[in-house]
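Biologist: Hi, have you got a few minutes to go through this one with me? I'd like to start with the charged side chains and then move on to the sheet.

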Amino acid sequence: MRDTDPSPLIELKNEILKAEVVALAGGGYIADDFYIESRQRLMLLRWSQSMGKKTVMWGQGLGPITNKDLHFYASKALKNIDLLAVRERVVSEDLAETLGVSLEKIHFTGDDAVALALPPSAVEVTNSDVLGFNLRIASYSGLLPEITAQIDSLIEQFCIEKNIDLRLIAISSNTHGNDVEAVQSLENVSKRILNQQPLSSISDLALLVASCRVVFTGSYHAAVFALASGIPVVCVAASEYYENKFCGLKAEYKQGCAVIRIDRQSISEIKIVLDDLWVNAATTCGFLRSVAEEQVKLSEAAYYQALMEI
């Protein structure tokens, strides 16, 4: 430890001292699956608070937190937070309260990415013949090879039955959950998206999602973009972490968001849900977009309140 270069910490301290408020951007990183990252973020908050700085967190999805050490660090940092904006009400609000956050400091805002995905009101829904597809294969998703093979077969059969095209909705490109690499491991799906061009911007992503009739996803933000565009989603989870995220979306978007715990439910159940959403996609569009629009308003109000209190 004596040989450790202290200059990065000194630089960080100086930056904190110059700030009026220290804010953590949106994410689902305060959870057991991201223990090291969680501790780093929470220690940053505590350090900032010890210097008398206001601290806020935006678009947070909290938990699960079963690790006692992480629970301790989270309670120490969050009980002194000035504003906590959560992106779902199913788990994060109650967990925040148990960690010592007072109710008046907790604000539901939905995910901040909704504002990037929300299409102009003039854009009409179309019953396209495109199914959007995403699969998140990572340590925190819980999807095992035998499950992904079943998904591959299901999607192939669905595309043949409906005579439709498939589009990859790639969200993550990092080494711990690369969505393109995940699809390349699927025998049938990989062939269907073989010639698809890579996305170069968030706008390209939004346009691609908007061209779909339904989105099948194992990734949270593929679902967020689809729902904000008025497109129903089938969300598949195989871990508590992802089930919580998807159930938070379902609580807001209701019938437009189906959540399947794929390690506990049968593939046939997914087929039934997928068929139903495909047939009724146009009827849910207006409702889904109205939910997204309301979330953008809530998010803007939370930002405004934080700025007014600085």
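Biologist: Which side chain meets Lys271 in a salt bridge?

Modeller: That would be Asp275, with an N to O distance of 2.5 Å. Keep in mind that this is a predicted model.

Biologist: How far apart are Asp275 and Lys271 along helix 12?

Modeller: They are 4 residues apart, so about one helical turn separates them. As a rule, an α-helix has 3.6 residues a turn, so residues three or four places apart point the same way.

Biologist: And is Asp275 buried or exposed?

Modeller: Asp275 counts as buried, because its relative accessibility is 19% and the cut-off for buried is under 20%.

Biologist: Which residues are linked with Asp275 and Lys271 in a network of salt bridges?

Modeller: Glu161 and Lys162 belong to that network too. Those two form a salt bridge with each other, with 3.7 Å between the closest N and O atoms. Both count as partly exposed: Glu161 has a relative accessibility of 46%, and Lys162 has 26%.

Biologist: How many salt bridges does the structure hold?

Modeller: There are 12. One of them joins Lys18 to Glu15, where the closest N and O atoms are 2.9 Å apart. These residues sit 3 apart in helix 1 (residues 7–18), so they too are separated by about one helical turn. Lys18 is exposed at 61%, while Glu15 is partly exposed at 47%.

Biologist: Nice. On to the sheet: what is the strand order?

Modeller: It is an open sheet of 5 strands in the order 6-5-7-8-9, and the pairing is parallel. Strand 6 (165–168) and strand 9 (257–261) are at the edges with a single partner strand each, so one side of each has no neighbour in the sheet. From one strand to the next, the twist averages 20°.

Biologist: How many bridges join strand 5 to strand 6?

Modeller: 4 bridges, with the strands running parallel. In one pairing, Phe133 has Leu168 of strand 6 as its bridge partner. At the other edge, strand 8 (residues 233–237) pairs with strand 9 over 5 bridges, and Cys235 is partnered there with Val259.

Biologist: Which residues of strand 5 are buried on each side?

Modeller: Val130 and Gly132 are buried on one side, and Leu131 and Phe133 on the other, so both faces of the strand are covered. In general, side chains in a regular strand alternate between the two faces of the sheet.

Biologist: Back to helix 12 for a second. Which strands does it lie across?

Modeller: Helix 12 (residues 267–279) lies across strand 5, strand 7, strand 8 and strand 9, and runs at about 160° to strand 8.

Biologist: Changing topic: how many residues of helix 10 are buried?

Modeller: In helix 10 (residues 220–228), 8 of the 9 residues are buried, including Phe225 and Ala228. Ala117 in helix 5 (residues 114–117) touches Phe225, Ala228 and Ser229. Ala117 is itself buried, at 4% relative accessibility. After helix 10 comes Gly230, which has a positive phi near 90°.

Biologist: Last one: which residues make the nonpolar surface patch?

Modeller: Tyr304, Leu307 and Met308 make it, with an area of about 370 Å². Met308 lies in helix 13 (residues 281–309) and is exposed, with a relative accessible area of 53%.

Terms used
Residues numbered from 1 in each chain as written. Predicted model: local features only at pLDDT ≥ 70, side-chain atom pairs only at ≥ 80, totals over all residues. Heavy atoms only, no water. Patch = residues over 30% accessible without salt bridge, like charges linked within 9 Å, V, L, I, M, F, W, Y side chains within 5 Å. Areas by Shrake-Rupley, 256 points an atom, 1.4 Å probe, with all protein chains shown as cover. Salt bridge = Lys/Arg side-chain N within 4 Å of Asp/Glu carboxyl O. Helix = DSSP H or I, 4+ residues; strand = E, 2+ residues; numbered from the N terminus. Buried < 20%, exposed > 50% of the residue type's maximum accessible area, 1.4 Å probe, protein only. Pairing = 2+ DSSP bridges. Axes fitted to C-alpha atoms, helices over the stretch in contact; angles between N-to-C directions. Contact = heavy atoms within 4.5 Å.
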